[in-house]
Amino acid sequence: MKKILHIPNYYNPHIGGIEQTCEDFVNSIKEEYEQKIICFKDSKKTSIDNINNVEVIRVGCQTKIMSQSIALGYKKELKKVFDSFNPDIVVFHYPNPYVAFALLKHLKNKKFKFILYWHLDITKQKLLGKLFSGQTKKLLNYADKIVTTSYNYVGGSNYLPTYYDKIKVINSCVALDRTLVDENIILKANLIKNKFKNKNLIFTFGRHVEYKGFIYLIEASKYLNDDFKILIGGSGPLTKKFRKKIKNDEKVELLGKLPLDDLKAYLIACDIFSFPSITRNEAFGLSLAEAMSFSKPAVTFNIEGSGVNFIALNGYNAIEVANKDSKLYAKAIERLASDKKLNEMMSLNAKKRYEKYLTFDVFKDNIKKLLIELGE
């Protein structure tokens, strides 16, 4: 049985799009390959555990610099894994510059196939991006295959167009457990609908950070009348700022972190899904894909070179408006709320697009095709 080593930043139960995609990769080939994962841990002590019969080595971190985890023992742990596991394939989830530095030593005389799973360019920390430009080019040159999540992102990248012959586009997917619904979830959804029965219900969720653009959704509220209710799930560094911003606005409510069953209930109950991300840090948009799996039309901003506007096609399953324009965003919400035929059409198209591109089965088939193309 061939062996695959996966190298993400973090892994389940850590929540994030990259972590979820890595886990989906692992689960899609769990019967055919022996697999191992090495990642960071949000505490100083290294540990080893098992997730779905896959060993996960979590290397303890000492600190973070410019959002990058620093683990003094990582280099040693990585060498131990290479020596003992001897992988046939290595999958490195980019960006992760600290780990890339340790990995490059093993790539110089590699006896394994190397998949560079490119989730996004380093865009927010521009100084960091410039500092590690040489390192990034080495990774790209060593790669046997470069996986990215949409053609949109390839075109907008500072690096990827040069390596087009190596690129394989594999759209991320909605994990199976994110779509399963039982009677309790339906009951919760009905309770939410009853609570807001006279409102057009707008729902969104995610980390409360700048690139998610929630502040522009909150600002859009002032252009909407009292027939609307905006519900925002999640938390993060900007939560306090959001609370102050909505202090005198009863149309907006912060829900905090939501358990998965509650999240599904809100997705079922809402009339429109809001996805107000504003930068290419939002490389794909898994929460948007999740909303589509529940047949929800969306309102988005235009983000040049992002996969968001691949998932949500303007005029098909979403309305897309100029970036950061809260007034236009509110008008799009009003349009979807008032035009029932448009809402119904986009709801149906959302489900169709999800089924065509974003299911776990589609993702699984694409991963298997990638490994065949790799000769493994």
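Two strands count as paired here if DSSP finds at least two bridges between them. On that basis, this predicted model contains an open sheet of six strands, laid out in the order β13-β12-β11-β14-β15-β16 with parallel pairing. The sheet ends at β13 (252-256) on one edge and at β16 (318-321) on the other, and each of these strands has a pairing partner on one side only. Going from one strand to the next, the twist averages 25 degrees.

A bit more detail is available at the β13 edge. There, β13 pairs with strand β12 (residues 228-233) in the parallel sense, and four bridges hold the pairing in register. One residue to look for is L231, whose bridge partner in β13 is E253. Elsewhere on the sheet, helix α11 (residues 286-293) lies across three strands, namely β11 (200-205), β14 (272-275) and β15 (298-301). Relative to β14, helix α11 runs at about 170 degrees.

Turning to charged side chains, the structure holds 14 salt bridges. One of them joins K79 to D83, with the closest N and O atoms 2.7 Å apart. Both residues sit in helix α2 (residues 74-85), and because they are four residues apart there, about one helical turn separates them. The two ends of this pair fall into separate accessibility classes: K79 is partly exposed at 42% relative accessibility, while D83, with a relative accessible area of 53%, is exposed.

Another salt bridge pairs R58 with D49, and here the closest N and O atoms are 2.9 Å apart. R58 is buried, its relative accessible area being 8%. Its partner D49 counts as partly exposed, at 30% relative accessibility.

A third example is the salt bridge between E373 and K168, whose closest N and O atoms are 2.9 Å apart. This pair ties together distant parts of the chain: E373 belongs to helix α15 (residues 360-373) and K168 to strand β10 (residues 167-169), with their positions 205 residues apart. On the helix side, E373 is partly exposed at 44% relative accessibility. On the strand side, K168 has 15% relative accessibility and so counts as buried, the limit for that class being under 20%. The pair is also part of something wider, as salt bridges with shared partners join K145, K168 and E373 into one network.

Conventions. Residues numbered from 1 in each chain as written. Predicted model: local features only at pLDDT ≥ 70, side-chain atom pairs only at ≥ 80, totals over all residues. Heavy atoms only, no water. Salt bridge = Lys/Arg side-chain N within 4 Å of Asp/Glu carboxyl O. Buried < 20%, exposed > 50% of the residue type's maximum accessible area, 1.4 Å probe, protein only. Helix = DSSP H or I, 4+ residues; strand = E, 2+ residues; numbered from the N terminus. Axes fitted to C-alpha atoms, helices over the stretch in contact; angles between N-to-C directions. Contact = heavy atoms within 4.5 Å.
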